[in-house]
Amino acid sequence: MAGGGELVVSFGEMLVDFVPTVAGVSLAEAPAFLKAPGGAPANVSIAVARLGGEAAFVGKLGDDEFGRMLAAILRDNGVDDGAVVFDAGARTALAFVTLRADGEREFMFYRNPSADMLLTADELNVDVIKRAAVFHYGSISLIAEPCRSAHLRAMEIAKEAGALLSYDPNPREALWSSREEARTKILSIWDQADIVKVSESEVEFLTGIDSVEDDVVMKLWRPTFKLLLVTLGGQGCKYYARDFRGVVPSYKIQQVDTTGAGDAFVGALLQKIVQDPSSLQNQEKLVEAIKFANACGAITTTKKGAIPSLPTEIEVLQLMESA
């Protein structure tokens, strides 16, 4: 990997989520909202740093109160924000998010366009990207130009420098013009990744089949992959490597809020992989890394909000020992 280091670089969006003060209501019914930092790639960066790892974030924020607040949150959590740039002409993205009484999440985004969509290839901090042992990204940055071209260029730079590419598509259908466009663009960079993580619902979204049986999941496998992961919520995680596959159960825990659990899982797993890249070829080591990541994701569901609930390594090890 790049330079033999352990830096995990995340690329993409960071935004402000507005969450109702009352649970189980629609956005229209919410009496008031609390602001919370969000954005899956940023959550992954902070998850890595919270566990004691080296993390950096690449993205664009508005040169406004919220943008400065988000950059400070990265720094306060030990994430290198040297590759964050600011746009004087566009606002930081906002998202109103609620979990309705029927269990469905409802999103309303303010991005017309937001600063994260306007990152250009010329604004990339190449030095930071070249130092990545793992370069991690999602799919929201593929939606619109110029960010899409910046995303593709950043992947090229990281790959050429020897980084592993990690992809968690994390689609937000409300942001795409259609399901078909989302599916097409998400899969347009599928073959280039080394590590891909999808959820149960994303397997159905990408394959059109409501199943996580091996024959369905393997439709998403590519010969270039080193690892494909399917997270199963409270049931744990299925893993597929070149020479082995299996299932790692999760930890039984009282869930309060699942926001950010997938990002916590990804951050923890990437932190373990940069510490010992041989775990991608060693089933015993990989299972231990996934157990650690499952524990990290489980702890994140015990509190409200993604970033405040991301655990330290000590908290993760305590849960693993107690179980």
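**Exercise 1. Buried or exposed: which word fits Cys296?**

Solution. This is a predicted model. Cys296 has a relative accessible area of 0%. Buried means under 20%. So Cys296 is buried.

**Exercise 2. Find how many disulfides the structure has, and explain the result for Cys296.**

Solution.
- Step one: search the whole structure. The search finds zero disulfides.
- Step two: take Cys237. Its nearest cysteine sulfur is that of Cys296, 13 Å away.
- Step three: apply the cut-off. A disulfide needs two cysteine sulfur atoms within 2.5 Å. The sulfur of Cys296 is therefore too far from that of Cys237 for a bond.
- Step four: check the surroundings of Cys237. Cys237 is buried too, with a relative accessible area of 0%.

**Exercise 3. Describe how helix α9 and helix α11 cross.**

Solution.
- Step one: choose the quantities. Two packed helices are described by the angle between their axes and the distance between the axes.
- Step two: read them. The axes of α9 (residues 283-300) and α11 (residues 313-322) come within 9 Å. They cross at roughly 105°.
- Step three: classify the angle. Angles of 65 to 115 degrees count as roughly perpendicular, so α9 is roughly perpendicular to α11.
- Step four: list the residues that meet. α9 brings Lys291, Phe292, Ala295, Cys296, Ala298 and Ile299. α11 brings Glu313, Glu315, Val316, Leu317, Leu319 and Met320.
- Step five: sort them. Nine are nonpolar, three are charged and none is polar.

**Exercise 4. Place Ser45: which helix holds it, and which residues does it touch?**

Solution. Ser45 lies in helix α1 (residues 40-50). Leaving out residues up to four places away in sequence, Ser45 touches Ser10, Ala55, Ala56, Phe57 and Val79. Ser45 is buried, at 0% relative accessible area.

Key
Residues numbered from 1 in each chain as written. Predicted model: local features only at pLDDT ≥ 70, side-chain atom pairs only at ≥ 80, totals over all residues. Heavy atoms only, no water. Axes fitted to C-alpha atoms, helices over the stretch in contact; angles between N-to-C directions. Helix = DSSP H or I, 4+ residues; strand = E, 2+ residues; numbered from the N terminus. Parallel < 35°, antiparallel > 145°, perpendicular 65-115°, else oblique. Contact = heavy atoms within 4.5 Å. Nonpolar A, V, L, I, M, F, W, Y, C, P; charged D, E, K, R; others polar. Buried < 20%, exposed > 50% of the residue type's maximum accessible area, 1.4 Å probe, protein only.
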